[in-house]
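Good morning, and thank you for giving me a few minutes. I would ask you to look at the sequence and the structure together while I speak.

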Amino acid sequence: MRFVLDARYAGRRVSGIGNYVRALATRLPRLAPHCEFRYWIPRDAEPLSDARNVRHHRLRPIPNSLATLLATPWLDALAADDVLHAPANVLGLGVKNRALVTVHDLMWLEHLAWCQPNPWLRPISKRYFTLGIEHALRAARRILTVSKASADAIARRVPDRAARIVVTPNGCEPHFRPPEDRDRDRAAAAALLRFQQPFFLIVGQNVPSKGHEIALEAFALANVAEHRLVFVQRLSPGKGLHRRASELGVVERVHFIAELGLDELLSLLHAATALVQPSLAEGFGLPALEAAAAGAAVLASDIAPLVEILGDAAEFHQAGSAASLARSLEKIAGDPGRLAELRARGPERARPFDWDETARITWQAYREVADRG
């Protein structure tokens with residue numbers, strides 16, 4: 001018996017699902033050294049593990065492709081007793097093996113326009129993800145998901161599959177920890193950003209679900225003239241937002257960055273007045289957790305997953321309301337006591353979210369599927 005993990009999201013491009021897959025891929029072989037693992041990876045990716053019980057299989061098709069949806073059994077020579085883990089919401093229609101799927105959220109089914117900004121592509125995306133996710137929810141032996149909020153949403157959609165749902169929360173890598181010297185990180189951030197002013201930080205894809213335009217509008221409304229706003233956007237940095245910033249009269253105070261190295265990101269987290277997570281929808285909200293673990297104050301929308309993950313270690317605003325977020329920006333910028341309180345609470349709140357525990361729960365689900373189906 002082999003355990004096959006579709007690890008194609010763990011390629012060169014950084015993403016939340018990629019971090020999740022990479023965390024599992026490096027830990028699962030250590031939990032089960034007597035078992036064989038097979039990882040599907042992109043053709044240009046580095047191996048994910050050098051463990052003796054791991055084999056890598058390189059694939060040309062990208063994860064969200066017709067090949068994944070319609071031809072998964074032909075991507076590899078799967079044995080009848082192989083257990084397959086599809087970690088990115090979609091399960092191929094032709095898969096006959098016992099399978100687990102990680103459904104991070106139901107956004108593609110419930111809020112398509114937030115996921116696919118291009119209206120011309122929405123009919124294609126709707127068809128693809130409806131088929132792939134609905135099939136996953138019906139066919140998978142275990143449905144893994146990253147928060148209780150997501151588990152509840154899945155159970156509402158497929159109540160007859162509720163017993164198959166397993167919550168495997170995301171974790172934090174140990175390098176997300178409070179700064180040894182915040183002043184040193186401020187200096188590093190100033191050198192990177194080329195300005196000295198205090199700033200709010202936003203990290204995530206430039207897609208509607210992340211609420212970046214709302215954050216921009218809130219920044220323009222807020223009485224925080226001494227601050228700047230920095231976006232780190234791995235997808236289409238600044239697209240559509242440059243013009244909006246100009247319309248709002250804040251374009252000179254807004255900065256867009258495409259990608260950062262880990263040390264650079266940590267410097268920004270340590271130097272920022274706060275990390276802002278203005279999401280309209282999330283399955284989990286990993287940037288907010290990582291920021292809290294790093295000792296950054298976090299301002300977050302009050303959607304269920306973020307409230308669940310962050311608890312009393314964040315300042316919450318009404319999701320979708322620029323006015324509500326503007327008040328939070330003003331509050332945190334003008335209240336050093338509240339800022340210090342959030343910075344102190346974050347690391348303790350993040351402590352239970354550990355990738356080793358995520359891998360342990362996942363391995364238990366693998367064993368249940370292997371032993372009992």
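Are F284 and F353 buried or exposed? Both of these residues are buried. Please keep in mind throughout that we are looking at a predicted model.

Let us stay with these two phenylalanines. The ring centres of F284 and F353 are 5.9 Å apart and the planes stand at 80°, so this pair is edge-to-face. A pair counts as edge-to-face when the angle between the planes is over 60 degrees. The two residues come from distant parts of the chain, 69 residues apart. F284 sits in the loop between β11 (274-277) and α11 (286-293), while F353 sits in the loop between α14 (336-350) and α15 (355-372).

How many aromatic pairs does the structure hold? There are 12. Another of them joins F195 and F199, with centres 6.2 Å apart and planes at 85°, so this pair too is edge-to-face. F195 and F199 are both buried. F195 has a further partner: R228 lies over the face of its ring, at 4.7 Å from the ring centre. Elsewhere, ring pairs connect F3, F37, Y39, W363 and Y366 into a cluster.

I turn now to the nonpolar cores. The largest has 69 residues, and the members that touch the most other members are F37, Y39, F199, L201, L269 and V298. Which helix gives the largest share of this core? That is α15, with 8 residues. You will recognise F199 from the pair with F195, and F37 and Y39 from the ring cluster. As for V298, its contacts beyond four places in sequence include L275, A288, L310 and L342. A second core, separate from the largest one, has 32 residues, among them V4, L106, L112 and L137.

V4 leads us to a histidine. H85 is found in strand β4, residues 83-86. Why do we call H85 buried? Its relative accessible area is 0%, and buried means under 20%. Leaving out residues up to four places away in sequence, H85 touches V4, Y20, L144 and Y366, among others. Y366 also belongs to the ring cluster I described.

Next, a serine. S15 lies in the loop between β1 (2-6) and α1 (16-31). S15 is buried as well, with a relative accessible area of 8%. Which residues does S15 touch, not counting those up to four places away in sequence? The answer is Y9 and R234. For a sense of distance, S15 and A319 are 304 residues apart in sequence and 23 Å apart in space, taken from C-alpha to C-alpha.

Let us also consider one helix as a whole. In α6, residues 148-157, the buried residues are A149, S150, A151, A153 and I154. What do these buried residues pack against? They pack against α5 (122-139), β6 (142-145), β7 (165-167) and α12 (304-310).

Finally, a word on cysteines. The structure holds 0 disulfides. C35 is buried, with a relative accessible area of 8%. C115 also counts as buried, at 13% relative accessibility.

To close, I return to the opening pair: F284 and F353 are both buried, and they link distant parts of the chain. Thank you for your attention.

How values were computed
Residues are numbered from 1 along each chain as its sequence is written. This is a predicted model: local features need pLDDT of at least 70, side-chain atom pairs count only at pLDDT 80 or more; totals for chains, interfaces and linings use all residues. Side-chain values use heavy atoms; hydrogens and water are left out. Rings of Phe, Tyr and Trp (its six-membered ring) pair if their centres lie within 6.5 Å; planes under 30 degrees apart count as stacked, over 60 as edge-to-face and the rest as tilted. Buried means under 20% relative accessible area, exposed over 50%, partly exposed in between (1.4 Å probe, protein chains only). Helices (H or I, at least four residues) and strands (E, at least two) are DSSP runs, numbered from the N terminus. A charge sits over a ring if NZ of Lys or CZ of Arg is within 6 Å of the ring centre and within 35 degrees of the ring normal. Contact means heavy atoms within 4.5 Å. A disulfide is a pair of cysteine sulfur atoms within 2.5 Å. A nonpolar core is a set of buried Ala, Val, Leu, Ile, Met, Phe, Trp, Tyr and Cys residues joined through side-chain atoms within 4.5 Å.
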